[in-house]
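I opened this model to trace its sheet, its core and its ligand shell. My notes follow the order in which I looked things up.

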Amino acid sequence: MRFENYTEKEVAELAAYIGRHLERGAVLLLTGDLGAGKTTFTRYLARSLNITERVTSPTFTLIKEYDEGRFPLYHIDAYRADLDSDAELLEEYIYGDGVTVIEWPSCIEELLPKTVIALEFLMMDEQHRTIVVTVTDTNYQNLFEERV
Ligand code: ATP
Ligand code: MG
């Protein structure tokens, strides 16, 4: 599924739609270049889970947890993850009972579950992104087809 040339407002609407339908245990993988919009997407997703704290990039913290919403949101930026020392902690979150969003998932490939919602952000120009969605989690397979 592809969402072509989305403005930030449209990305916000897509994130809110996804957020409304998420259940505990969901894992979202966000890929795309620096500045493609992974953290921005996560910020809008958090809002739709009733998290009022503003989501910021967890780059220097590895994991940020937001606990005030419908269920916990774990925001992981795996860019600087060190598998030797971080694997155990990361797995506690990824297989925990909140929703986990992972930026730069390729850095922790071997820890990832098989059932995920993967979103790839492609920069079209300053203001527009194309988002390619691949769903391997059967709970969410129909979610994007049903969206109008
Ligand atoms: P990094 O890999 O460094 O963590 P990122 O993918 O998380 O980067 P963001 O931090 O979300 O990227 O930055 C995206 C920037 O692009 C934001 O400043 C956002 O406001 C801007 N932007 C402009 N248009 C869009 C759009 N259509 N969708 C998403 N973000 C957009
Ligand atoms: Mg980011």
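The entries below go from the sheet to the helices, then to the core and the ligand.

**Entry 1: status of the model.** I am working with a predicted model.

**Entry 2: the sheet.** I started with strand order. The sheet is open, has 7 strands and runs β1-β7-β6-β2-β5-β4-β3, with mixed pairing. Which strands stand at the edges? I found β1 (2-6) and β3 (63-66) there. Each has a single partner strand, so one side of each lacks a neighbour in the sheet. I also looked up the twist: on average, neighbouring strands are turned by 15 degrees against each other, direction ignored.

**Entry 3: strand pairs.** Strands of a sheet pair through backbone hydrogen bonds, in a parallel or an antiparallel sense. I checked three pairs here. β3 and β4 (73-77) are antiparallel, over 4 bridges. In that region I63 stands opposite I76 of β4. β4 and β5 are parallel, over 5 bridges. There L73 has V99 of β5 as its bridge partner. β2 and β5 are also parallel, over 4 bridges. L28 has its bridge partner in β5 too, namely V101.

**Entry 4: helices on the sheet.** I turned to what packs on the strands. α2 touches β2 (27-32), β3, β4, β5 (99-103) and β6 (117-125). The direction of α2 makes about 165 degrees with that of β5. α3 packs on the sheet as well, touching β2, β3, β4 and β5. Its direction makes about 145 degrees with that of β4.

**Entry 5: inside α2.** I listed the buried residues of this helix: K38, F41, T42, R43, Y44, L45 and A46. They pack against α1, β2, β3, β4, β5 and β6. Just after α2, N50 takes a positive phi of about 70 degrees.

**Entry 6: β5.** How many residues of β5 are buried? I count 5 of its 5, so to speak of β5 as mostly covered is fair by the 20-neighbour cut-off within 10 Å. In a regular strand, side chains alternate between the two faces of the sheet. In β5, V99, V101 and E103 point one way, while T100 and I102 point the other way. All of these are buried.

**Entry 7: the core.** The largest nonpolar core holds 33 residues. L28, L30, V101 and I102 touch the most other members. The elements giving two or more residues to this core are α1, β2, α2, β4, α3, β5 and β6. I then took V101 by itself. Leaving out residues up to four places away in sequence, V101 touches L28, L30, T42, L45, L73, H75 and I76.

**Entry 8: I94.** This residue lies in helix α3 (residues 83-94). Buried or exposed? I94 has 21 other C-beta atoms within 10 Å. The cut-off for burial is 20 or more, so I94 is buried. Beyond four places in sequence, I94 is in contact with V27, T100, L111 and P113. I also checked I94 against V135, 41 residues apart along the chain. Their C-alpha atoms are separated by 17 Å.

**Entry 9: ligand 1.** I finished with the shell around ligand 1. It has 17 residues, and the closest are E8, G37, K38, T39 and T40. α1 (8-21), α2 (38-48) and β7 (128-135) each give two or more residues to this shell. The largest share, 3 residues, comes from α2. By character, the shell divides into 4 nonpolar, 9 polar and 4 charged residues. K38 appears twice in my notes: among the closest to ligand 1, and among the buried residues of α2.

Notes
Residues are numbered from 1 along each chain as its sequence is written. Chains are lettered from A and ligands numbered from 1 in the order in which they are written. This is a predicted model: local features need pLDDT of at least 70, side-chain atom pairs count only at pLDDT 80 or more; totals for chains, interfaces and linings use all residues. A residue is buried if 20 or more other C-beta atoms lie within 10 Å of its own, exposed if 12 or fewer, and partly exposed in between; C-beta atoms are placed from the backbone. Two residues are in contact if their C-beta atoms, placed from the backbone, lie within 7 Å. A residue is near a molecule or strand if its C-beta atom, placed from the backbone, lies within 6 Å of it. Ala, Val, Leu, Ile, Met, Phe, Trp, Tyr, Cys and Pro count as nonpolar, Asp, Glu, Lys and Arg as charged, and the others, Gly among them, as polar. Two strands pair if DSSP finds at least two bridges between them. Axes are lines fitted to C-alpha atoms, for helices over the stretch in contact, and angles run from 0 to 180 degrees between N-to-C directions. A nonpolar core is a set of buried Ala, Val, Leu, Ile, Met, Phe, Trp, Tyr and Cys residues joined through C-beta atoms within 7 Å.
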